[in-house]
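Notebook open, coffee poured. I want to go through the contacts in this one, from the chain pair down to the domains and the ligand.

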Amino acid sequence: MHGWTGKILHVNLTDGSCRREEIPTELLHAYLGGRGLGVRLMRDFFRLDPFDPEIPLIFAVGPLCGTTSPTSARLACVTRSPLTGTIYDCSAGGRFAWRIKAAGLDAISITGKSAQPVFLAIDDTRAEILPAGALWGKGIKETVASLKERGSVTAIGPAGENGVLFANIMMGEGNSIGRGGLGAVMGAKGLKAITVQGSGVTGVADRERFDAARADVMRLFRASPVIFGELGIAEYGTPALVDLMAQRRMAPTENFRSTFFAESGNYSGPSIRRECGARKEGCYGCPIQCKKSSDKGEPLPEYETVNHFGALNGNSDLHAIVRANTLCNELGMDTISAAATLSAFGEARGRFPDPAEVASLLWEIASRRGEGELLALGSRRVAQELGKPELSMSVKSLELPAYDPRGAYGMALAYVTSNRGGCHLRAYPISHEILRKPVPTDRFSFSGKARIIKIAEDVNAAVDSLVACKFAFFGATLEEYGELLSAVTGVEYGPESLKAIGERIYLTERFYNCENGFDRADDALPERFFSEAGSAGEGIDVPPLDRVRFEEELQKYYRIRGLTTDGTFTDPSFLEVLP
Amino acid sequence: MRDQIEKYSGKLLADRSALPGRIAFAAQDDVLISDGAPDLAELAGATLSRLNALALVAARPSLPFADFLIARSPKGENCILPQDTETRTFLHDIPFLRKGELGDDPAPKIAVLLGNRKGVIVEGVGIVTLGAITVEQAFINYSSVFHSTFVKYLQDVLAEGFLLPGEREAFQAFRDQWLRPLSASGLVFRDKLSQEKDEILSEIEAVGRYTVERGLVDSFFGNISACAGDLIYISQTAASLDELKGCIDPVPTDNSSTTGITASSELLAHRKIFEQTGARVILHGHPKFSVVMSMLCEARDCPIKDCWKDCPHVREIGGTPVVAGEIGAGGLAKRVPPVIGASGSAIVYGHGVFTLGRMGFGEAFAALVEVENFCREEYFRRLEACMLPDEHKA
Ligand code: SF4
């Protein structure tokens with residue numbers, strides 16, 4: 001077998017067992033790896049409570065991992081989210097994914113709960129569960145430093161240990177499994193960290209074909225202004241979007257009360273470069289290197305983070321934003337949900353937190369002390385508790401990222417149809433509505449968006465299963481990645497067959513969610529977007545969303561997906577016909 | 001979506017890439033619709049219904065070149081491989097179905113091919129292309145296949161002559177009837193472009209329209225810019241040159257804002273050309289004969305294989321320098337700026353032409369026309385020379 005190793009490591013933290021098992025080849029062919037494989041492996045467990053010891057926490061790499069396929073040293077972490085209650089996956093890049101593959105594994109599935117804090121150490125042949133009592137309570141840097149001799153490290157911080165519902169899992173090199181609170185699931189298992197080293201090499205079935213496909217991908221990267229353009233993400237990282245979102249009048253500001261923040265230039269891509277001396281960094285082996293770090297080596301914030309600790313909280317102090325980002329990374333928390341929760345809290349009490357208060361509240365959240373006890377539950381529960389549920393700018397309890405849906409109607413629809421809650425990455429319509437890739441679409445129109453969102457969700461489910469980075473698709477398409485996959489595995493794949501796999505994954509996730517009680521009522525945007533206008537300017541009007549058109553398009557989406565008008569399945573045995 | 005279908009059917013007629021009455025589109029939202037020539041519309045609908053995509057066009061090209069390319073392909077081959085940049089970058093290759101393979105219901109076979117590629121040629125039927133998420137994309141892919149097959153056929157005829165019955169006559173008809181004289185006559189340009197934003201935007205919009213109307217593009221791609229003080233006004237990536245209103249980015253020359261992340265992928269080339277030549281405006285199109293001629297190289301025993309990106313030489317066609325270089329962050333931005341200043345124009349191998357204006361777009365447009373006309377004449381001159389009996393050759 002090429003591309004896959006065909007092996008999964010099952011770890012049971014309750015009884016301390018670790019065993020390698022075969023993964024049936026037909027599952028690998030049908031679900032690829034990453035998100036798809038993880039979601040498939042959840043089939044017998046998706047009804048479990050996220051904090052039930054028996055729920056699996058799955059790390060799955062894809063068939064391209066371990067090769068020089070651009071952007072593919074990535075994994076998906078899959079389980080059920082304690083924040084949203086939905087099935088949940090996060091894609092993350094870095095050496096950790098590469099090493100899992102090199103250790104001869106396509107996936108690691110961790111169940112059970114350890115009575116004492118432990119870490120898991122994996123190498124080519126062995127897996128050991130070792131005590132981590134001395135590390136419990138420690139931040140990410142210290143944890144990673146003390147384990148790095150054992151290979152690549154992924155760890156939780158105090159937030160994960162303390163069950164913060166938006167705790168993340170941090171990779172040693174600064175990448176994060178960043179949304180949905182998967183760090184809290186890891187913490188509930190008593191698992192502080194995982195280390196992995198391996199020496200295996202991923203074979204490629206057809207080297208010549210692989211090299212040609214890789215050259216095609218790289219050519220498209222170079223032809224893409226968003227990727228390698230002089231104002232693109234390779235140069236400025238995702239903060240390259242700050243100026244654009246300001247110009248397009250869709251930068252969420254003060255808990256989405258407005259969509260323009262006059263001082264956003266303070267934390268734009270060029271400002272970050274000037275003020276922090278941004279150096280190019282990125283996921284292991286990625287040619288794009290969209291991540292940036294300061295001249296002191298400190299990871300610098302992404303677009304979402306600068307906007308949310310910036311405009312969303314009415315703050316224009318770049319250095320305070322960088323500090324908040326660093327603190328979240330160190331404590332192991334999702335920056336988007338943390339900042340959005342503070343913003344909702346700020347609006348509810350009539351005052352957004354100033355930079356000093358942000359820092360102290362982040363500490364309180366991670367340790368669940370003082371106001372942090374409530375804030376650790378995320379904006380929906382906070383707003384509910386404060387008697388102002390309408391102030392949570394979330395979908396299915398996941399805080400919305402930094403693209404105001406009033407400025408991109410496909411984004412509005414995609415937020416609600418996303419199987420993991422208010423996420424921009426499932427269908428990523430910003431790609432065409434704003435960045436004009438692969439072709440531009442009218443951002444102020446719902447026309448055709450139901451079908452476009454459906455197709456993009458399928459595409460991205462496949463991308464998350466390869467696993468490749470979404471940013472690669474600002475240039476390349478499934479045509480070139482299908483070639484890479486065929487060349488690596490020796491199994492023929494193309495865009496259409498990959499989309500069919502994506503559709504299978506997507507519907508499986510939706511089915512799990514529906515079985516857990518989700519339906520149309522949960523596919524809802526906060527009321528604010530239908531009743532309040534965004535900030536007009538530069539000849540751009542940002543009216544409230546038209547609810548009738550929105551609902552019409554949502555119903556179209558359900559029809560295209562073959563769902564009922566309630567967004568549910570007619571066939572209760574839907575999963576049985578799937579591989 | 002019906003309005004989109006109407007719009008892009010109109011564009012296929014306006015650019016004369018498809019035969020009137022032989023165009024059909026299909027598109028699906030929650031329902032599938034198709035429109036156009038009834039037999040093609042049926043085929044379009046039946047094909048699209050098998051695919052996870054939004055739109056499809058099936059149309060008979062106005063020139064028989066795609067069919068000739070299939071007939072000229074050796075038995076056993078199932079795709080053609082044009083060498084122009086657009087094909088290499090976006091289409092990779094163009095699969096085809098021969099008449100004999102179609103059977104009673106070609107839709108499933110076409111759908112299988114479109115499951116892997118953006119467009120396919122169906123012998124005797126036409127070009128069928130997919131739009132993954134928009135109707136416009138189906139149109140773009142049709143135009144790209146039309147452009148690529150045009151360029152490849154002209155190259156092949158020059159290299160190998162006519163091989164099929166009827167080919168020579170069809171080619172003559174193309175030359176006499178399809179091709180039209182190319183000029184800038186009747187177009188109005190501002191002699192001296194001011195620094196005024198509104199004037200610059202409206203001039204760029206007009207020049208974009210002219211470039212498409214005079215057929216100096218493939219589909220509607222190319223890019224246009226004007227320099228004004230600290231700003232470069234440049235058309236956005238994936239913008240229709242004939243619909244540039246609202247699609248021109250002002251980009252600060254010092255990169256102090258990244259709003260221009262949506263600007264043309266050739267922003268860097270434009271910036272460097274402005275820096276090195278002092279020009280006011282730049283026009284870049286993909287005129288077909290220039291593309292064909294740019295790939296004609298007489299060097300023998302050259303060790304370089306990937307000429308389109310690795311050729312280090314500056315060749316010349318009618319006084320216009322020809323350089324290699326990939327688009328975007330590839331080599332084009334390095335190789336064009338140093339050579340374009342002297343003649344005011346430069347051709348990029350397999351890709352297209354850049355021209356300059358020192359005061360305004362009139363000069364740049366005239367240069368683009370002139371380069372293409374020279375390449376057209378040179379092409380036919382060479383073709384005639386090849387076709388002469390041996391004793392008449394020089
Ligand atoms: S583009 Fe950026 S996020 Fe994506 S793999 Fe590369 S460095 Fe990582």
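**Chain B against chain A.** I started with the contact, which takes 49 residues from chain B and 46 residues from chain A, where contact means heavy atoms within 4.5 Å. Before going on I noted that this is a predicted model, with local features needing pLDDT of at least 70 and side-chain atom pairs counted only at pLDDT 80 or more, while totals for chains, interfaces and linings use all residues. Residues are numbered from 1 along each chain as its sequence is written, chains are lettered from A and ligands numbered from 1 in the order in which they are written, and side-chain values use heavy atoms, with hydrogens and water left out.

The two chains bury about 4,000 Å² between them, with 55% of it on carbon and sulfur atoms (buried area being the accessible area, 1.4 Å probe, that two parts lose on being put together, summed over both). On the chain B side, B:Asn52, B:Thr258 and B:Ile261 lose the most area to chain A, together 20% of what that side buries.

Next I looked up the polar side of this interface. I get 7 salt bridges between chain B and chain A (a side-chain nitrogen of Lys or Arg within 4 Å of a carboxyl oxygen of Asp or Glu). A:Arg219 pairs with B:Glu326 in a salt bridge, its closest N and O atoms 2.7 Å apart. There are also 22 residue pairs in polar contact, both at pLDDT 80 or more (N or O atoms within 3.5 Å; within protein, one must be able to donate a hydrogen and the other to accept it, and residues adjacent in sequence count only if both atoms are side-chain atoms).

**Inside chain B.** The domain assignment (automatic or from a database) gives domain 1 (2–178) and domain 2 (197–383). I find 25 residues of domain 1 of chain B in the contact, and 23 residues of domain 2 of chain B. About 2,200 Å² is buried between these domains, and carbon and sulfur atoms give 69% of that.

The count here is 3 salt bridges. I wrote down B:Lys11 and B:Asp242, whose side chains meet in a salt bridge at 3.1 Å, N to O. H6(B) gives the most to the side of domain 1 of chain B that touches domain 2 of chain B, with 13 residues (helices being DSSP runs of H or I, at least four residues, and strands E, at least two, numbered from the N terminus).

**Inside chain A.** Here the assignment gives domain 1 (7–196), domain 2 (235–402) and domain 3 (430–474 + 494–577). I put the C-alpha centres of domain 1 of chain A and domain 2 of chain A at 25 Å apart. Between them these two bury about 2,400 Å², 59% of it on carbon and sulfur atoms. A:Leu83, A:Phe166 and A:Arg179 supply 30% of the area that domain 1 of chain A buries there, more than any other three residues.

What does A:Arg179 form with A:Asp334? A salt bridge, with the closest N and O atoms 2.9 Å apart. The rule finds 1 salt bridge across this interface.

**The ligand.** Last lookup: the residues around the ligand include A:Cys283, A:Cys286, A:Cys290 and A:Cys469 (near means a heavy atom within 4 Å). The shell divides into 6 nonpolar, 3 polar and 2 charged residues, where Ala, Val, Leu, Ile, Met, Phe, Trp, Tyr, Cys and Pro count as nonpolar, Asp, Glu, Lys and Arg as charged, and the others, Gly among them, as polar.
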